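Trainee: I've got a model open on the screen and a list of things I'd like to ask about. Could you walk me through it?

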Amino acid sequence: MINFLTIGGHRIAYTAAGSPSNPPVILIHGLMSHRGVWTRTMEALKDRFFCIAFDLPGFGDSDKPKNGDYAIAKQAGRTLEIADHFGFGEFTVIGHSMGGQIATYLAARLAPQRVHKLVSVDGVVTGRLADKVQNVTRRMVAVGAKFPSSYRFSRILSEWKPLAYRAFDVWFYKPDELPFQAWSLDRRMATNPEIALSTVKAWDSLNATNLTVHLRDILSPTLVIFGKQDGTVPVEQAYIFKEQLSSAQLLVIDNCGHFPMYEKFEDYMRTLEGFLKEP
């Protein structure tokens with residue numbers, strides 16, 4: 001069920017699961033993505049946690065003001081405002097891709113004392129994405145910001161399997177082994193013309209935000225999960241995280257791309273649940 005709240009004058013869409021009396025967990029999606037990537041995760045956690053997954057402003061079903069601030073620091077601040085809205089003093093934060101970068105910024109720089117636990121799933125650390133994504137996809141996004149109609153064309157093409165597998169091969173290790181409809185919403189959200197401007201602004205901030213030197217400032221227990229064959233965020237960034245924060249737990253999943261929660265759900269979920277159960 002979709003719900004809305006207002007932060008900074010903008011409407012933010014969110015989904016809740018579990019009892020508000022349970023420990024809180026906030027889940028943050030990545031660039032050109034949406035809160036729906038956490039659906040299965042929330043279903044698995046809802047008996048023991050109160051989960052809030054929201055669409056970052058500029059994406060999903062949230063407002064997308066043309067003059068909006070989509071910087072990593074700003075999105076981290078909004079996440080903290082969402083925590084305040086629900087009355088969370090301390091909370092666990094789980095982020096994927098750019099959402100992992102936002103979650104890490106929150107835990108390292110903005111409010112380390114309020115993050116009970118941090119989970120980064122294929123999260124951006126250095127600000128640099130894989131070469132193909134940075135040099136090819138990024139240019140296509142720039143064109144889309146000038147000509148939003150190209151997004152509509154891409155949406156049509158993304159429903160043709162051969163082109164979808166080629167266009168989104170940086171997402172999955174073996175996209176043809178996933179049910180095509182299982183990630184249809186992800187394709188539609190990524191090719192939504194309404195995210196054209198916010199994507200460019202968010203990407204610029206993503207590239208400009210290198211968190212390497214700040215990782216040692218994280219106070220909370222931390223889990224880093226990464227697909228070994230991630231074609232979007234180089235797996236080397238997982239090892240950078242571990243090098244800078246030796247106390248962090250690290251799981252690198254073989255035969256897995258950028259979305260462990262889709263491709264290797266059992267491995268991902270087993271480790272995540274074990275980490276969250278720890279005192």
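**Pockets, salt bridges and odd corners**

Mentor: Happy to, but keep in mind that this is a predicted model. Let's start with the pockets.

Trainee: What volume does the largest pocket have?

Mentor: Look for the centre first: among the 37 residues lining the largest pocket, the closest to that centre are Met32, Thr137, Met140, Ala167 and Phe168. The space in the largest pocket comes to about 860 Å³.

Trainee: Which element gives the most to the lining of the largest pocket?

Mentor: Five elements give two or more residues to that lining: α4 (131–146), α5 (149–157), α6, α7 (184–190) and α8 (196–208). With seven residues, the one that gives the most is α4.

Trainee: And how many nonpolar residues does the lining of the largest pocket have?

Mentor: Split the lining by class and you get three charged residues and 12 polar ones. The nonpolar class takes 22.

Trainee: Let's move to the second largest pocket. Which element gives the most to its lining?

Mentor: The second largest pocket holds about 160 Å³ of space, and its lining residues include Arg40, Trp183 and Tyr262. Two helices, α1 (39–45) and α10 (260–263), each supply at least two residues of the lining. The one that gives the most, with three residues, is α1.

Trainee: How many charged residues are in the lining of the second largest pocket?

Mentor: Eight of the lining residues are nonpolar and three are polar. The charged class has just one.

Trainee: On to salt bridges. How many does a search of the whole structure find?

Mentor: One of them pairs Lys132 with Asp169, and another pairs Arg40 with Glu266. For the whole structure, the search gives 12.

Trainee: Take Asp61 and Arg35, which meet in a salt bridge. Which of the two is buried?

Mentor: Their side chains meet at 3.1 Å, N to O, and the pair links distant parts of the chain, with Asp61 in the loop between β4 and α2 and Arg35 in the loop between β3 (24–28) and α1. Buried means under 20% relative accessible area. Asp61 has 34%, so Asp61 counts as partly exposed. At 13%, the buried one is Arg35.

Trainee: Which other residue is linked with those two in a network of salt bridges?

Mentor: Start from the Asp61 and Arg35 pair, which sits 26 residues apart along the chain. The network takes in both of them, and the other member is Asp55.

Trainee: How many residues apart are Arg40 and Glu266?

Mentor: Their side chains form a salt bridge at 3.7 Å, N to O. It joins helix α1, home of Arg40, to helix α11 (residues 265–277), home of Glu266. Arg40 is partly exposed at 46%, and Glu266 is partly exposed at 48%. Along the chain, the separation is 226 residues.

Trainee: What about Lys132 and Asp169: how far apart are their closest N and O atoms?

Mentor: Lys132 is in helix α4 and Asp169 in the loop between α6 and α7, 37 residues apart. Lys132 is partly exposed at 38%, and Asp169 is partly exposed at 33%. Their closest N and O atoms are separated by 2.9 Å.

Trainee: Now the backbone. Ser97 and Asn255 have a positive phi, so why is that worth a look?

Mentor: Because most residues other than glycine have a negative phi. Ser97, in the loop between β5 (91–96) and α3 (98–110), has a phi of about 60 degrees. Asn255, in the loop between β8 (249–253) and α10, has a phi near 55 degrees, a positive value.

Trainee: Is Ser97 buried or exposed?

Mentor: The cut-off for buried is under 20% relative accessible area. Ser97 comes in at 7%, so Ser97 is buried.

Trainee: Last one, on the surface: what area does the nonpolar patch with Leu163 have?

Mentor: Leu163 is in helix α6 (residues 161–167), and at 31% relative accessibility Leu163 counts as partly exposed. Phe153, Leu157 and Trp160 make the patch together with Leu163. Its area is about 400 Å².

Technical notes: Residues are numbered from 1 along each chain as its sequence is written. This is a predicted model: local features need pLDDT of at least 70, side-chain atom pairs count only at pLDDT 80 or more; totals for chains, interfaces and linings use all residues. Side-chain values use heavy atoms; hydrogens and water are left out. Patches are made of residues with over 30% relative accessible area and no salt bridge: like charges are joined within 9 Å, nonpolar side chains (Val, Leu, Ile, Met, Phe, Trp, Tyr) within 5 Å. Accessible areas come from the Shrake-Rupley method with a 1.4 Å probe; for residues, only the protein chains shown count as cover. A salt bridge is a side-chain nitrogen of Lys or Arg within 4 Å of a carboxyl oxygen of Asp or Glu. Helices (H or I, at least four residues) and strands (E, at least two) are DSSP runs, numbered from the N terminus. Buried means under 20% relative accessible area, exposed over 50%, partly exposed in between (1.4 Å probe, protein chains only). On a 1 Å grid over the protein atoms alone, a cavity is a set of points where a 1.4 Å probe fits but cannot get out, and a pocket is an open set with protein on both sides within 12 Å along at least five of seven lines; lining residues have an atom within 4 Å of a point. Grid points are joined across faces, edges and corners, and a volume is the space filled by probe spheres set on the points. Ala, Val, Leu, Ile, Met, Phe, Trp, Tyr, Cys and Pro count as nonpolar, Asp, Glu, Lys and Arg as charged, and the others, Gly among them, as polar.
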